[in-house]
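These notebook entries record what I looked up in one structure. I took charged pairs, backbone geometry and nonpolar packing in turn.

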Amino acid sequence: MQSEELDFYLPPELIAQQPSARRDASRLLHYRASDRSITHRMFSDLPSLLQKGDLLVFNDSKVLPAKFILQKESGGRVEGLFLENTAPGHWRVLLRNLGHATRLRFVGPEDISAEVIKKGDGGEYEVRLDPPQFPEQLLSKIGRMPLPPYIKRQKESDERDAMDRQRYQTIYAQSAGSVAAPTAGLHFTPEILQQLHERGIETQFVTLHVGMGTFKPVATDNLQQHSMHSENYTISAATADALNRAKAEHRRIIAVGTTSARVLESQPAGAFSPRTDSTRIFIYPPYQWKHLSGLITNFHLPRSTLIALVAAFISLDEQRRIYAEAIARRYRFFSYGDAMFLENNY
């Protein structure tokens, strides 16, 4: 498959710069593969579109305010993005405007230095903090939310960052570690979760820490040659048991987001088991699905691995038709945009 087959033109004004006034006030495109129907709803309608006994699987990873500023000994500033804690006091980061500097200081209320000890590829570095710091604690004080580059913000807008800290985070986020939001979950409210419970729709959680590679465009002409990023995930014993019961009872399993879908499809075709692991699964047509009957997701970037997953779920032709319909009806795209509920009973 050629990556150009996943390309499309999106009018720039359809890229959502702000979330909707309420989480569930976004629009919802509902697609059913059984009759190829497309209907246009509001996200608050979702509970009425589901069936009693459906099992929804959410990603409960929490986004870190992973962007930060370092200062060189010369006084120049370096933009940083936290990626991973590799050892106590050792961070893997992206650094911009570093030059030849090796000794830096965090810009913030505390006196914390960072020494560059290893250079990787693509702007990645390993830094040693003195004194050592837990990422979540330090970044909560000095960091900003790692919004994707298509969302424009003033770098020093504390008021806007406070809004993004709330809205670029799901209401059920628990386990800190992501540097990008599992955006399909941003639409859910406590009221919707309560309605799901009242309608007999089951909810369970997995954890997949979303890395920057999730949104990286496919740069190769041939899709199969794309090097897929690795992401860490966890399936708890309770979630594994719930998934096995749903399969045994022939109930539908619906992934909330492509990250949840990747976790589930990384498992064998048989029984689920509790595990902590990593996955590099790359789902694109003509992938044979093992577990999912439905997918709730946002509208994704052209030539991304995410749109390839959607095309694999409903076919490339249907993905193109749905996106053309959404553009014609002026849906809002990408992280803060509208959503789709895709039904395809495998």
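**Entry on salt bridges.** I began with a network of salt bridges that links Glu202, Arg245, Glu249 and Arg251. The model is predicted, and I read each distance below with that in mind. Within the network I looked up the pair of Arg251 and Glu249, whose closest N and O atoms are 2.8 Å apart. Glu249 is partly exposed, with a relative accessibility of 49%.

I then searched the whole structure and found 23 salt bridges. One of them joins Arg153 and Asp164 through their side chains, at 2.8 Å from N to O. Arg153 sits in the loop between α2 and α3 (158-167), whereas Asp164 belongs to helix α3, so this bridge ties together parts that are 11 residues apart in sequence. Is each partner buried or exposed? I noted Asp164 as buried, at 2% relative accessible area, and Arg153 as partly exposed, at 23%.

I also checked Asp24, which forms a salt bridge with Arg22; their closest N and O atoms lie 3.2 Å apart. Asp24 counts as buried because its relative accessibility of 12% is under the 20% limit.

**Entry on backbone geometry.** I next looked for departures from the usual pattern, since most residues other than glycine have a negative phi and most peptide bonds are trans.

Which residues did I record with a positive phi? Asn97 has a phi of about 70°, and His250 has one near 55°. I located Asn97 in the loop between β7 (90-96) and β8 (103-106), where it is partly exposed at 47% relative accessible area. I placed His250 in the loop between α5 (237-248) and β14 (253-256), and it counts as exposed at 74% relative accessibility.

I recorded a cis peptide bond from Asp130 to Pro131, with omega near -5°. Pro131 lies in the loop between β10 (124-130) and α2 (135-142). A cis bond also runs from Pro285 to Pro286, with omega near 5°. I found Pro286 in the loop between β15 (275-279) and β16 (294-298).

**Entry on nonpolar packing.** I turned last to the largest nonpolar core, which has 68 residues; Leu29, Tyr168, Phe299, Ile322, Phe333 and Leu342 touch the most other members. Helix α7 (residues 305-314) supplies the largest share of this core, with eight residues. Apart from this core I noted another of 25 residues, among them Ala101, Ala114, Val116 and Val127.

I followed Leu29 further and, leaving aside residues up to four places away in sequence, listed its contacts, including Ile38, His40, Phe299, Ile322, Tyr331 and Phe341.

How values were computed. Residues numbered from 1 in each chain as written. Predicted model: local features only at pLDDT ≥ 70, side-chain atom pairs only at ≥ 80, totals over all residues. Heavy atoms only, no water. Core = buried A, V, L, I, M, F, W, Y, C linked by side-chain atoms within 4.5 Å. Buried < 20%, exposed > 50% of the residue type's maximum accessible area, 1.4 Å probe, protein only. Helix = DSSP H or I, 4+ residues; strand = E, 2+ residues; numbered from the N terminus. Contact = heavy atoms within 4.5 Å. Salt bridge = Lys/Arg side-chain N within 4 Å of Asp/Glu carboxyl O.
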